[in-house]
Amino acid sequence: RSQPREPLPGDILLAHEWADIPRLVAFGELARSGQSLTYDTSKTNSLTDTLARSAELSRDLTDAEMLANLRSFEQSLDPDATDSWSLIDCSERGVGATATVTCAWPKVGMLIAWRREDSIAWEIAVIRRLSSTADHRLSIGMATLPGKTYAGRLRLGVGVRDYSRSI
């Protein structure tokens, strides 16, 4: 390990299913913009109205409201979409965490998403190290990818309008 490490106590949520990762990142973006699962069906808005309202809401939301919105979005996924892990330490380029339950899915090189339980920002990382703690719990070292994480959607076939093939 070339980077100095500092203790970092706390809990994180970890997601490893490829289909869930972009959804979770998008949920963070929606929560930050003021969107929630509560819809006003009494009126319809144009896209311009919706974007303007989102910008207006994001200035007025507290961190607690954004986190509550994010958690409501996350509950719409399968209950096993995220696992709770304990943070161990951090460096400039990564974090270390320990599993709180037995799991067999971690593999070196696997792309994962993670966030602190008190944050709305999902981050992307790659598992670089697997080990076992003294009490036989799984420990992982993750290299975090630099920059802000955004959700995106890719389609196979340039110019094709078959939206059922989107990934």
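Ser86 stands opposite Thr98, which belongs to strand β4. Bear in mind that what you have in front of you is a predicted model.

I'll stay with that pair of strands for a moment. Strand β4 covers residues 94-99, and five bridges join β3 to β4. The two run antiparallel. The link between them is a hairpin, and three residues make the connection from β3 to β4.

Now to the other partners of β3. Strand β2, residues 11-15, is joined to β3 by four bridges, again antiparallel. Here Ser86 comes up once more: Asp11 stands opposite Ser86 in β3. So please keep Ser86 marked on your screens.

Then there is strand β1, which is residues 6-7. β1 pairs with β3, residues 83-90, in the antiparallel sense, and the pairing has two bridges. In that pairing, Pro7 stands opposite Asp89 of β3.

The last item is Ser139. Where does Ser139 lie? It is in strand β7, residues 138-144. Is Ser139 buried or exposed? Its relative accessible area is 6%, and the cut-off for buried is under 20%, so Ser139 counts as buried.

What is Ser139 in contact with, leaving aside its neighbours within four places in sequence? The list is Ile88, Ala97, Thr98, Arg129, Leu130, Ser131 and Thr133. Two of those names tie back to the strands I began with. Thr98 is the residue in β4 that Ser86 stands opposite, and Ile88 falls in β3, residues 83-90.

That is the end of my part.

Notes:
Residues are numbered from 1 along each chain as its sequence is written. This is a predicted model: local features need pLDDT of at least 70, side-chain atom pairs count only at pLDDT 80 or more; totals for chains, interfaces and linings use all residues. Side-chain values use heavy atoms; hydrogens and water are left out. Two strands pair if DSSP finds at least two bridges between them. Buried means under 20% relative accessible area, exposed over 50%, partly exposed in between (1.4 Å probe, protein chains only). Contact means heavy atoms within 4.5 Å.
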